[in-house]
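Me: Please take a close look at one helix and the parts of the chain around it. Start from a single side chain and work outwards.

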Amino acid sequence: MDMFILMVVGFGFCALAFAGVKSPKRKAKESYDGALDLMGQHPDSSAIRQAALQRGRAYHKLAKTKNPEMAIKNDLDSC
């Protein structure tokens, strides 16, 4: 019984330790979404568009999207 409690507590600590850890794909997605939000606020800014494009390429590379350039274009055009 004591071993079972120790295991449950141990798994609980592991779950808490990994709860705050974000995968590179998730970080890239959040960065890309932030750039798209900023793009929506400043649609005429070429610098923001370029940053969103770079972040989109990084995200879609990790996401292994079949046609990343088309997906990025659609995202940018929808802003």
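Reply: His60 is buried, at a relative accessible area of 8%. The cut-off for that label is under 20%. This is a predicted model, so every value here is computed from predicted coordinates. His60 sits in helix H3. Set aside residues up to four places away in sequence, and His60 touches Tyr32, Thr65, Pro68, Ala71, Ile72 and Asp75. Two of those partners point to the helices on either side in sequence: Tyr32 is among the H2 residues that meet H3, and Ile72 is among the H4 residues in the contact with H3. His60 itself is listed in the H2 contact and again in the H4 contact.

Now the setting. The chain has four helices and zero strands. Read from the N terminus, the order is α-α-α-α. H3 covers residues 46-63. Helix H2 covers residues 24-41, and helix H4 covers residues 68-77. Of the 79 residues in the chain, 18% count as buried. His60 belongs to that buried group. The chain exposes about 6,100 Å², and carbon and sulfur atoms supply 62% of that area. Among contacts with a separation of 6 or more, 51% join residues 24 or more positions apart.

Take the two helix pairs in turn. Two packed helices are described by the angle between their axes and the distance between the axes.

H2 against H3 comes first. Their axes come within 8 Å and cross at roughly 155°. That angle is over 145, so H2 and H3 count as roughly antiparallel. The crossing of H2 past H3 is left-handed. On the H2 side, the contact uses Pro24, Lys25, Ala28, Lys29, Ser31, Tyr32, Ala35, Leu38 and Met39. H3 answers with Ile48, Arg49, Ala52, Arg55, Gly56, Tyr59, His60, Leu62 and Ala63. By class, these residues split into eleven nonpolar, three polar and four charged.

Ala35 shows this contact at the level of one residue. Ala35 lies in H2. Its relative accessibility is 3%, so Ala35 counts as buried. Beyond its neighbours up to four places away, Ala35 touches Ile48, Ala52 and Arg55. Arg55 is 20 residues along the chain from Ala35, yet their C-alpha atoms are separated by 7.5 Å.

Lys61 gives another view of H3. Lys61 is placed in H3, next in sequence to His60. At 69% relative accessibility, Lys61 counts as exposed. His60, at 8%, is buried. Lys61 and Ala28 are 33 residues apart in sequence and 9.7 Å apart in space, C-alpha to C-alpha. Ala28 is one of the H2 residues that meet H3.

H3 against H4 is the other pair. The two helices pack at an angle of about 140°, with their axes 10 Å apart. That makes H3 oblique to H4. H3 passes H4 in a right-handed crossing. From H3, the contact draws on Arg49, Ala52, Leu53, Gly56, Arg57 and His60. From H4, it draws on Pro68, Glu69, Ala71, Ile72, Asp75, Leu76 and Asp77. The tally is six nonpolar, two polar and five charged residues. Several H3 residues serve both helices: Arg49, Ala52, Gly56 and His60 appear in the contact with H2 and also in the contact with H4.

What links H3 to H4? A loop runs between them, and Lys64 lies in it. Lys64 is exposed, at a relative accessible area of 71%. Its phi is positive, about 55°, although Lys64 is not a glycine. Most residues other than glycine have a negative phi.

Last, the chain end. Cys79 is in the segment after H4. With a relative accessible area of 35%, Cys79 is partly exposed. Neighbours within four places aside, Cys79 is in contact with Leu36, Met39 and Gly40. Cys79 and Met39 are 40 residues apart in sequence, and their C-alpha atoms are 6.4 Å apart. Met39 is also one of the H2 residues that meet H3.

In short, H3 packs roughly antiparallel to H2 and oblique to H4. His60 is listed in the contact with H2 and in the contact with H4.

Note on methods: Predicted model: local features only at pLDDT ≥ 70, side-chain atom pairs only at ≥ 80, totals over all residues. Heavy atoms only, no water. Buried < 20%, exposed > 50% of the residue type's maximum accessible area, 1.4 Å probe, protein only. Contact = heavy atoms within 4.5 Å. Areas by Shrake-Rupley, 256 points an atom, 1.4 Å probe, with all protein chains shown as cover. Axes fitted to C-alpha atoms, helices over the stretch in contact; angles between N-to-C directions. Parallel < 35°, antiparallel > 145°, perpendicular 65-115°, else oblique. Left-handed = near helix turned anticlockwise from the far one by under 90°. Nonpolar A, V, L, I, M, F, W, Y, C, P; charged D, E, K, R; others polar.
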